[in-house]
Every structure is written in structure tokens, then in C-alpha cells.
Amino acid sequence: MKKVKKLLSALLSITLLSACTFMPQKAEALEKSDDMRAVWISTVYSADYPSVRNDAEKQKQEFITKLDEIKNMGLNTVVVQVRPKADAFYESQINPWSEILTGTQGQNPGYDPMAFMIEQAHARDLEFHAWMNPYRITTSGTDMSVLAENHPARLHPEWVISYNNALYYDPSNEAVKQHICDSVAEIVQNYDVDAIHFDDYFYPNNYPLSEGETADGQEANQRRAHVNDMIRRVHQTVHSIKSDVAFGISPMGIWKNNTSDATGSATKGAEGYYSVYGDVRTWIENGYVDYIVPQIYWATGTQAADYETLVAWWSNEVKGTDVDLYIGQGIYKDDVAAEIGKELLINEKYAVQGSFYFSLRDLLENRQNCKVSVMNYYAQKDNTGEVIPTPEEETENVTEQTEPENNMEDAPIVIDPIETAPDQEEEAFVSATKVLIDGKEVAFDAYVIKDYTYFKLRDVAMALNGTQKQFDTLWDETVRAINVVTNTPYTVAGGELQKSTQENKKAVVSDGKLYFDGVETDLTAYNIDGNTYFKLRDLGKAVDFGITWQENIQTIAIDTTTAYVE
């Protein structure tokens, strides 16, 4: 980020006239608000943008509309994913045009999207951060012949590694490091960006070590050294071209748990230091980044990863450094979206200089009233504009309100927002079956319904986290569905793998939708006490993990190192 306070101090130390002369126009938004108010705009899978392909005018109009809404919310920065899969949303001599623009990788969209985006953002006093994924080549599939003919991965197969049915650039390859630096340099030289931004993808998550190597051993340390070297060189590249362009990274929310390192956070989640070989502490201590945005995508009180615990830990990490700290706010999750105003107030207690919201679609859809909460927070902070009443406040302002006969305070909380059909009710019997995952016993809250064993989706995701078959679950408000994202670390929501009262329940057939990597899948699901349960074999087939039934010991064995077999 621009680090406006530091920039102003440096300029004022010259002369007031010089400060007025050299203050970049593109910093005006942050100069006015004096904090970071950013939103991620994800283009992979067209998640946030664009909703249409191969139509330049519609893409332009859609982006203008979104920018106007962003500006109206009181935000001041857009972080646009311009290199989602080793390709480009901009005119490049190094990387092919992104298929997300036209449907065909390498096909010219007929205009320069990033140049247009930057122009429109700056016209509204919004900063523009170019979000790039350094290593990812594909999200699914290992056939390099489907890549554009001029794709560097196709031209240099020796640069590429394959893992979990996806392709990545090899972080240990010297040519890869130079290619990433060259890609960054091309953008900084040719475009008026305010920052280069990387997210939390480095080595493929849990990329296996050689036999006999450990997570703190020589090979693992070499991997972290390779990532560190790339980060250092990118930072140097950016500042050697334009000193006022920042370089920032949004790492996983947990560096290390204190069970792995006494100086880590008091948490129990996936650790970026080990999962993707991202040693953020080294980047901060050595000034390899100008800002960090840890993805603290949990609600307050989450047992495995409490929000304020992590904010305090990261605040201490940047203390005494020149690295700015912003918080990644996971408003794509209902519990976080519902308390976003509370989280922003917590941030004020620490060395936090702003927030990044993931992602735009959740703000625009006002998930759990988060858009109103964010707008109100900034309106009150700036002491400008009329505060928008929340639905609860509107109800309180109604005079002579009559207390309803049926008080809903004791209604069950719906955890997985899949709608149900009450007329399709079945008996759910507590399952006594033992479950092994890669040979280790795991206790599940499972039920037998019509002779099949059903498991809570979030429990399975939690149990497989860190394995070759890990996946995340996301709620998509636009289609009222759960989207399972494979090959992705699970985002802990809290309450997973906790045994409930061991009693039979009523299960209601769910009529909600389920997607795997954006593709709708027709699986039978039941809602029990507000949670969605799926047949284990259906999940095994969809995610592709091995399942065997051991009749003699009444045990289900899940093997994450093998494929599903009927």
C-alpha cells in the first residue's frame, strides 16, 4: 500500500511546495480516509468478475457499475485479480490473455482490461492493486496441451510441477523466479498501479516432502528459502522501477500455532509456515513486503482460531517495523459477516491500519447485513453521511410495537444455509461405526438414514484438512448453494468434529444445491439440527478419496492417498 502517513512525512520534510507538487493523484483516496478500505475482486471462476465473456462493452459496464457501488460503500481500494492462472488481464509480452475474458486462453479480448480498470478506479479516487498468483497454472487438470501455445509453462515444461491434479510453477526453479519478477516488472513499468499484491498461494498446500524429511528439516527449509528469495526479488523489482508502488502479500491467517512454536499464536489451525512454506515472519523482519493482510477468516470466540487472538498476534509481529498491517475479513462466511462491525472495532485496539474484504460479491449481496455494517462503520468514522438503520433498528423505531405471540428466540440456529423440504422427513439413527482416516481413528457425528451412513460436510472437510484430498466449503448466496472447492485448505468455522447428544434424530431432505469446483452435483443430502449431511460414498466419489468397508470390525476406512473405487 501507499503508506500515506509515511509518504506525507517524507514529502513535508522537503517543503510544502514540493509536497504539493509531487503528491501522486492516485493516493488521494487514502489521503482523505487515512486508512485502508479494500475489497478483493476475484476473477478465477469469474467469482466476482466478469459475469460475461467475449463482450468488451458489457465487461466495461459491469466493472463501472461495481466501482460505483464500491465507492458508495466508503471503500478506497480495489484489489483485482489480474493474473489468476499464469495468464493476463492486461497486454503482456510474457503471459497469454486469460481465458476468463473470452473463454479461450490467448485470445485478445479487444481491449486492455487492466488499463481500463485503472483509469476508472483512479477517476473515482480509488487505489488499484494488481493481484497476481505467482505459481498457479491450472486450478484443475494437468494436460499442458490445453494451454495457449505461447504459455510459458507449455514452452518450458521443465518449469512445471504437478500435484493434486493441478499444475504449478516450481518455486525452486531459478528461471521461474526470474519469470515472476519479469511478469511483475512488466505491469509496474507499463501500468499506473498503486501496488502489486500476492495472496496465500505459494508451494501447493502440503506438497509432499521426500521420504525421511520433516517439516522443519533441510528440504522444507530450502523450500521456504526459495519462496523467501522470490518475495525478496519481487520487492526489489517493484521498487527499482517505481519507488511509490507498494508490494503486499495476504498470507494464511496462522503463521504457526504455539504448539509448533512457542512464539506462534494460541490457535489450532492450518499453519502457513508448514502448509505452503510461507515464512511471513522473515518477510516482515527483512522488509521484503510493504504490507501484509493476514486472512483472519474466523469469528470471535472460534475455538480453533479466535479472531482477536490472531489480530493481537499479527499486531505484535509488525511492531517496530515499516510493514503496514491490514486484516483480511472473511465476510463470505455468515458468522463473520454478521459480526463484521464488531471485528472492525476490535481492529482499532491494535496496530491495524485497515481492512481487505473477501469478497466483493458478499458485500454487494449484503450477506448477513455486512454491507450496511461496513457503510455505517465508515460513515461514523468519517463523521459524514447518514447512518443506515439496520433491520433491527428499524423494528425498534416502530412505535407501539406489539410483541408477537410466537417468540423466535429459542428457534434453532441454521448452521449450513441449505433450505429443506419439511414433508420429506426420515429417521436418522446414531451410527456406531468406527471411522479410520489414513489409519487413524476419527470420531464423527454420523447417522444412518435408509441404510446409508451420512456425515456432516464440514466434519469431513475438517478431518481431511492437510491431506491430499482436502477441500473447503463456501456458501454462494447468488445461487443459494454450497460450493466445495477441492485442493484447498479448509477454513475452520468452529464446532467441527464435536459429538452431539447421542440420540436418534429427525432428518429432512435438503433441496439446496451443491457444487464441486463450480459444477453442480446432484447428491442426496439431509438437514439434521441445521447441519447438512451427505452420504460418505457420494463425497468420496466427488472428492476422489478411497473408501473401504471392513465388515469384520465394523469399520469404515478412508484413504486420502488413493482414488475412489465403486
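This note sets out numbered points on the predicted model shown above.

1. Overall composition. The model is a predicted one, and its chain contains 19 helices and 26 strands. Of the 566 residues in the chain, 56% count as buried. Among contacts with a separation of 6 or more, 67% come from residues 24 or more positions apart.

2. Nonpolar cores. The largest nonpolar core has 133 residues, and the members that touch the most other members are F128, I196, F198 and I231. A second, separate core consists of 16 residues, including W131, A246, Y291 and L474.

3. Surroundings of I196. With neighbours within four places in sequence set aside, I196 is in contact with A130, M132, V184, I187 and V188 among others. Its further partners include V238, V245, A246, F247, G248 and Y291. Two of these partners, A246 and Y291, are listed in the second core of 16 residues. I196 itself is one of the residues of the largest core that touch the most other members.

4. Packing of α8 on α9. Helix α8 (residues 174–190) and helix α9 (residues 218–241) pack at an angle of about 25°, and their axes are 9 Å apart. Because angles under 35 degrees count as roughly parallel, α8 is assigned as roughly parallel to α9. The crossing in which α8 passes α9 is right-handed. On the α8 side, the contact involves E174, K177, Q178, I180, C181, V184, A185, V188 and Q189. On the α9 side, the residues met are H226, D229, M230, R233, V234, T237, V238 and I241. By class, the contact of α8 with α9 comprises nine nonpolar, four polar and four charged residues. Residues V184 and V188 of α8 and V238 of α9 take part in this contact, and these three residues are also among the partners of I196.

5. Packing of α4 on α6. The axes of α4 and helix α6 (residues 113–123) come within 10 Å and cross at roughly 30°. These two helices are therefore roughly parallel to each other, and α4 passes α6 in a right-handed crossing. The contact is formed by K60, F63, I64 and L67 of α4 together with F116, M117, Q120 and A121 of α6. Six of the residues in this contact are nonpolar, one is polar and one is charged.

6. Packing of α12 on α14. Helix α12 (residues 307–318) and helix α14 (residues 340–347) have axes that come within 10 Å and cross at roughly 30°. That angle makes α12 roughly parallel to α14. The crossing of α12 and α14 is right-handed. Y307, E308 and V311 of α12 meet E343, I346 and N347 of α14. The contact divides into three nonpolar, one polar and two charged residues.

7. S373 and its contacts. S373 is located in helix α16 (residues 370–382). Its relative accessible area of 21% places S373 in the partly exposed class, because the buried class requires a value under 20%. Not counting residues up to four places away in sequence, S373 touches I340 and G341; residue 340 is where α14 (residues 340–347) begins. The C-alpha atoms of S373 and L363 are separated by 9.9 Å, with the two residues 10 residues apart along the chain.

8. Cis peptide bonds. Y49 and P50 are joined by a cis peptide bond with omega of about -10°. P50 is situated in the loop between β1 (36–41) and α4 (56–72). A cis peptide bond also runs from F358 to S359, where omega is near -5°. S359 belongs to the loop between β12 (354–357) and α15 (360–364).

9. Positive phi values. Which value does phi take at Y45, a residue other than glycine? Phi of Y45 is positive, near 65°. Y45 lies in the loop between β1 and α4, the loop that also holds P50. At 46% relative accessibility, Y45 counts as partly exposed. A86 likewise is a residue other than glycine with a positive phi, in this case near 55°. A86 lies in the loop between β2 (77–83) and α5 (99–102). Is A86 buried or exposed? With 0% relative accessibility, A86 counts as buried.

How values were computed: Residues numbered from 1 in each chain as written. Predicted model: local features only at pLDDT ≥ 70, side-chain atom pairs only at ≥ 80, totals over all residues. Heavy atoms only, no water. Core = buried A, V, L, I, M, F, W, Y, C linked by side-chain atoms within 4.5 Å. Buried < 20%, exposed > 50% of the residue type's maximum accessible area, 1.4 Å probe, protein only. Contact = heavy atoms within 4.5 Å. Axes fitted to C-alpha atoms, helices over the stretch in contact; angles between N-to-C directions. Helix = DSSP H or I, 4+ residues; strand = E, 2+ residues; numbered from the N terminus. Parallel < 35°, antiparallel > 145°, perpendicular 65-115°, else oblique. Left-handed = near helix turned anticlockwise from the far one by under 90°. Nonpolar A, V, L, I, M, F, W, Y, C, P; charged D, E, K, R; others polar.
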